[in-house]
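Reader: I am new to this structure and would like to learn how to read its features one at a time. Please show it to me, and then give the general idea before each case.

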Amino acid sequence: MLFKNHKSYCRENAAQIVCTENKKTYKAINKNSHIVFQYKIDGDVIPSSDSRKRCDYLLEDETMRKAFLIELKGTQLLHALEQIESTVNIFKPVFQEGGYQILPRIVYHNNTHDIHSSVFRKFKSKYLKREHKQITWKRIFKIKKRHT
């Protein structure tokens, strides 16, 4: 458990974990009943009074040592990248100590042209270096355009 002093918003072996904010939703399926934890980063793990940029949620798969950083964004994809990167930097010692693989996830509404920006390409390249090279970026980032 990455954050022992914070509550998980899901059961330890939840089959489905849902993150929702401002009509944006991310659903994770835990088909192998791994030990999982869901943390609300923005406003809970990092209090609202803290001015640092941070993502919305972190889903921890303790069994596989994976940390899914979830940002539910309307239109500002590049701002979402900054929030994820800031969260990684804030918790880097915790991730490294536990041997966690960092897997960003972004749900956005529009402005798809931002995925072609140099900022996004650099971000994608940085995380591809940490992942297995044969995995495609769509699988790593699961950037989804959702209308709710």
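Author: Let us begin with contact, which means heavy atoms within 4.5 Å. Before the cases, note that this is a predicted model, in which local features need pLDDT of at least 70 and side-chain atom pairs count only at pLDDT 80 or more, while totals for chains, interfaces and linings use all residues. Residues are numbered from 1 along each chain as its sequence is written, and side-chain values use heavy atoms, with hydrogens and water left out.

Reader: Leaving aside neighbours within four places in sequence, which residues is isoleucine 41 in contact with?

Author: They are Phe3, Ile46, Arg54, Cys55, Asp56, Tyr57, Leu58, Thr87 and Phe91.

Reader: How should I read a strand such as β3, and is it enclosed or not enclosed by the rest of the structure?

Author: Strands (E, at least two residues) and helices (H or I, at least four) are DSSP runs, numbered from the N terminus; a residue is buried under 20% relative accessible area, exposed over 50% and partly exposed in between, with a 1.4 Å probe and protein chains only. In β3, residues 36–40, 5 of the 5 residues are buried, so this strand is largely enclosed by the rest of the structure. Both of its faces are covered, with Val36, Gln38 and Lys40 on one side and Phe37 and Tyr39 on the other.

Reader: Which strand do bridges join to β3?

Author: Two strands pair if DSSP finds at least two bridges between them. Here 5 bridges join β3 to β4, residues 57–61, and the two run antiparallel; within β4, leucine 58 is the bridge partner of tyrosine 39.

Reader: What is a nonpolar core, and how many residues has the largest one?

Author: A nonpolar core is a set of buried Ala, Val, Leu, Ile, Met, Phe, Trp, Tyr and Cys residues joined through side-chain atoms within 4.5 Å. The largest has 25 residues, and those with the most contacts inside it are Phe3, Ile41, Leu58, Leu69 and Phe95. Its largest share, 7 residues, comes from α1. Apart from it lies another core of 14 residues, among them Tyr26, Val36, Ile70 and Leu103.

Reader: How many disulfides does a search of the whole structure find?

Author: A disulfide is a pair of cysteine sulfur atoms within 2.5 Å, and the search finds 0. Cysteine 19 is in none, as the nearest cysteine sulfur, that of cysteine 10, is 8.6 Å away. The sulfur of cysteine 55 is 9.4 Å from the closest one, in cysteine 19, which is too far for a bond.
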